[in-house]
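Trainee: Could you take one part of this model and go through it with me slowly, in connected sentences? I would like to follow how a close look at a single place is built up.

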Amino acid sequence: MSEPEHAVMAAAAASEGLALGAFVAQASLAAAQGRVVSEYAFLREALAAVLLAAGQVQRVGVNLNQAVAALNSGELVEQLRWYAQAVARAH
């Protein structure tokens with residue numbers, strides 16, 4: 001292995017928190033089993049996290065819309081009062 005190749009492998013091992021030998025062993029085994037990790041694996045994981053967060057934000061928005069509708073109706077639901085008090089205490 002050339003010095004530049006060694007440097008690339010060492011950097012990849014360090015980014016995974018592994019010793020170089022352990023990283024090479026894992027990468028070799030993955031390649032032998034046909035499950036080589038693509039260079040976009042990190043981006044796929046990040047996208048999954050963003051999509052999960054987007055779903056959570058959407059649910060918060062739905063709950064907020066329901067709370068505002070309850071407030072605009074002039075009827076303060078007891079559960080909404082409890083949540084508002086809990087948020088006030090936590091903030």
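Mentor: What follows is a close look at the contact of helix 1 with helix 2, set within the chain as a whole.

Please keep in mind from the start that this is a predicted model, and that the values below are computed from it. The protein chain has four helices and zero strands, and when it is read along the sequence it follows the pattern α-α-α-α. The radius of gyration of the protein chain is 25 Å, whereas the globule rule gives 12 Å for 91 residues, and because the value is well over that figure, the chain is more spread out than a compact globule. Along the principal axes, the C-alpha trace spans about 75 × 30 × 20 Å. Of the 91 residues, 9% count as buried, and the accessible surface of the protein chain comes to about 7,600 Å², with 63% of that surface belonging to carbon and sulfur atoms.

Now to the part itself. Helix 1 covers residues 3-16 and helix 2 covers residues 20-32, and their axes come within 9 Å of each other while crossing at roughly 95°. Because angles from 65 to 115 degrees count as roughly perpendicular, helix 1 is described as roughly perpendicular to helix 2. On the side of helix 1, the contact is made by H6, M9, A10, A12, A13 and E16, and on the side of helix 2 by L20, F23 and V24. If you sort these residues by class, you find seven nonpolar, one polar and one charged in the contact of helix 1 with helix 2.

One residue to look at in this contact is A10, which lies in helix 1. A10 has a relative accessibility of 29%, and therefore counts as partly exposed, since the partly exposed class runs between the 20% limit for buried and the 50% limit for exposed. A10 and G21 are eleven residues apart in sequence, and their C-alpha atoms are 9.2 Å apart in space.

On helix 2 you can look at A27, which is also partly exposed, with a relative accessible area of 35%. The C-alpha atoms of A27 and A13 are separated by 9.9 Å, although these residues are 14 residues apart along the chain.

For contrast, turn to L80, which is found in helix 4, a helix that covers residues 78-90. L80 has a relative accessible area of 18%, so L80 is buried, because buried means under 20%. Leaving aside the neighbours within four places in sequence, L80 is in contact with A67, A70 and L71. Of these, A67 is 13 residues from L80 in sequence, and the two are 6.9 Å apart in space, C-alpha to C-alpha.

Technical notes. Residues numbered from 1 in each chain as written. Predicted model: local features only at pLDDT ≥ 70, side-chain atom pairs only at ≥ 80, totals over all residues. Heavy atoms only, no water. Axes fitted to C-alpha atoms, helices over the stretch in contact; angles between N-to-C directions. Helix = DSSP H or I, 4+ residues; strand = E, 2+ residues; numbered from the N terminus. Parallel < 35°, antiparallel > 145°, perpendicular 65-115°, else oblique. Contact = heavy atoms within 4.5 Å. Nonpolar A, V, L, I, M, F, W, Y, C, P; charged D, E, K, R; others polar. Rg over C-alpha atoms; globule rule 2.2 N^0.38 Å. Buried < 20%, exposed > 50% of the residue type's maximum accessible area, 1.4 Å probe, protein only. Areas by Shrake-Rupley, 256 points an atom, 1.4 Å probe, with all protein chains shown as cover.
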